[in-house]
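Subject: Structure handover

Hello,

Here is the structure I said I would pass on. Please open it next to this email and look up each residue as you read.

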Amino acid sequence: MQRSTSRQPLRFSTQTLLLQLAVVLLVVLLSTAVHAWLTYDRVGGDAENQALTLARTVASDPEVRADVLAISDKPGTPPPAELLAGPLQASAEAARTRTGALFVVITDETGIRLAHPDPQRLGEKVSTDPSEALSGQEITTRNTGTLGPSAGAKVPVYAPGTSTVVGEVSVGYSMETVAQSVARDIGPVALTAAGALLAGILGSFLLRRRLQRLTLGLEPEEISTLVHDQVAVLQGVDDGVIGVSADGRVSVFNAAAQRLLDLPDLSGSRWEDAPVPEQLKSLTRPASATAGPGVSTSAVSTPDALELVAGGRVLVVNARKALHRREDLGWVVMLRDRTELQELTRQLDAVGTMSTALRAQRHEFANQLHTLAGFLGIGQHQEARDYLAGLAATGPLKFPVDQAELLQDPYLQAFVGAKGVEADERGVALRIGPETLVRGQVTDAQDVTTVLGNLIDNAVNAAVAGSAADRWVELEVLDEPGDDDGTLHVVVADSGDGLAEGTDTESVFAEGFTTASGPVRAGGGQGFGLALARQLARRRGGDVKVLERGGRGGPGAVFMATLPHTTAGSPTLKTTGEAGKEKNG
């Protein structure tokens, strides 16, 4: 049975390291090669210039010019022995020995050697083409002759006092000597290149470590997958998510957070400068930052979660420190919307209260029917007729709130009735004021019941906490017709002790404040009703404000809410007298 083995691919950081090392090595080698070539070319050029200078010196010597002319004028070429003992050989060898040249060669007008370092080459034609020099041109060359590769120059020899070329002088310096000179110069270059290669290797290793730290040891494929997953998760959840990096900048601000806080995307901005509620920032501050002067930091702790009102919503917010292998990545702030939950809770409470009231009414109906059946059973027909007459006079059942029929919207009537039963259980009478008249239908029941419910609950709490013996809450609701929709005006008064002395009327709308007990601890589930009611009203273009502060012993504070665009089908309102006549039939 064969087992297939697959090689584990190199990690991205390792691939990056090897690539960097290859690039550094290639750059160092290319730089060294280019520097060596430039040095070789420069030294060779210096050798050519030196050869040209020496050739000019020899060719301009009057004795050399005269001797070359004398040999050129004679027919034929002197024998090598004569040339070896002649003055030209002596002059050439003296110049070569003095300057360290490879060779100094003198020829006649046909290119026959008259002086040469190798005596056996005397009287022979030169191995390289002398035509350019014999035509009167000075040239520099790099070629290989009988003595090996050389860098040299060729200069014409003129007859004394004329411009007639009678020969040439060829001077060369060994390229091996040039290579040795380059080798001497390239030593420091090689050391420099080795140092650069070592620095490049060290830098590559440091960059590899930094890359691993920045990517948390993840491969590019894993990072790409995480990015896709992050976008899918952050944009797909209903909870708001705010990421604050370790350097104090907003790194994540998903769509849900923008919607809940009614803010644009704040990614990239500084967290301390972000236009978010201050309570959010307090969650990400250390305990020492929230402690006052002289307060021990051990006694002060930032709450793990809190409630706040933002954008007309009640939000539950918590913050957690983000760590990865002991590395501080910053904070993650989560926002959850509790507004709909509170609405559902309020509606369920109203349904439960009405259900309790209906059960009580059913029980009362059953008792009345049993009484009537008893009268009929014992033959007391007159008593039965009197009992029925009494029931007809008083009505079969008293509605939970007097004059609730002035609220002609059934949803509003049922809601106020449920609140009346709930208030009655706490010993508070909820009554409808004489200026109440709602003829239209409520079109936005959620906002209306939220504002109305919070004002009534706040008034009931104040009445229960008040010192007056007669505890009551009075509600007046009036709808004002408009072209397309109407405005609902709500006034709520109570028998409580009003606002405490020194309490500003605007401070009651701050989060964590309740008129029943003053400021309360944020996150305790209280103190958000008035703040939420005002934000909802203002979001619709209305407002909630304090009309009267009230006083100890009652009556208490009076609040008024204006809710535009909340009713429809409101006819032109009648006067109070006309409404009363219509009510009485």
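Below are some notes on a helix, the nonpolar cores and a few backbone angles. Keep in mind that this is a predicted model.

Helix H4

Start with helix H4, which covers residues 87-99. Does its length fit its number of residues, or what span should we expect? At 1.5 Å a residue, the 13 residues of H4 should span 18 Å, and the C-alpha atoms at its ends are 19 Å apart, so the two values agree.

Which residues of H4 are buried? They are Leu 88, Gln 89, Ala 92, Glu 93 and Ala 95. These buried residues lie on the same side of H4, because they cover an arc of only 160° around the axis. The general rule behind such a pattern is that an α-helix has 3.6 residues a turn, so residues three or four places apart point the same way. Thr 97 and Arg 98 are exposed, on the other side of H4. Just after the helix comes Gly 100, with a positive phi of about 75°.

Nonpolar cores

The largest nonpolar core has 44 residues, and the members that touch the most others in it are Leu 455, Leu 475 and Val 490. Several elements each supply at least two residues of this core, including helix H13 (410-425), strand S13 (472-480), strand S14 (486-494) and strand S18. Helix H14 gives the largest share, eight residues.

Leu 475 is a useful residue to click on. Leaving out residues up to four places away in sequence, its contacts include Val 416, Leu 430, Ile 432, Leu 452, Ile 456 and Val 490. Polar or charged names turn up too: Thr 436 and Arg 431 are among the residues that Leu 475 touches.

Another core, of 30 residues, lies apart from the largest one; among its members are Val 68, Leu 114, Ala 115 and Val 157.

Positive phi angles

Two residues have a positive phi although they are not glycines. In Asp 262 the angle is about 55°, and in His 565 the angle is about 60°.

Where do they sit? Asp 262 is in the loop between helix H8 (255-261) and helix H9 (278-283), while His 565 is in strand S18, residues 558-568. Asp 262 has 62% relative accessibility, which is over 50%, so Asp 262 counts as exposed. His 565, at 43%, counts as partly exposed because this value falls between 20% and 50%.

Regards

Key
Residues numbered from 1 in each chain as written. Predicted model: local features only at pLDDT ≥ 70, side-chain atom pairs only at ≥ 80, totals over all residues. Heavy atoms only, no water. Helix = DSSP H or I, 4+ residues; strand = E, 2+ residues; numbered from the N terminus. Buried < 20%, exposed > 50% of the residue type's maximum accessible area, 1.4 Å probe, protein only. Expected span 1.5 Å × (residues − 1). Arc of directions from axis to C-beta. Core = buried A, V, L, I, M, F, W, Y, C linked by side-chain atoms within 4.5 Å. Contact = heavy atoms within 4.5 Å.
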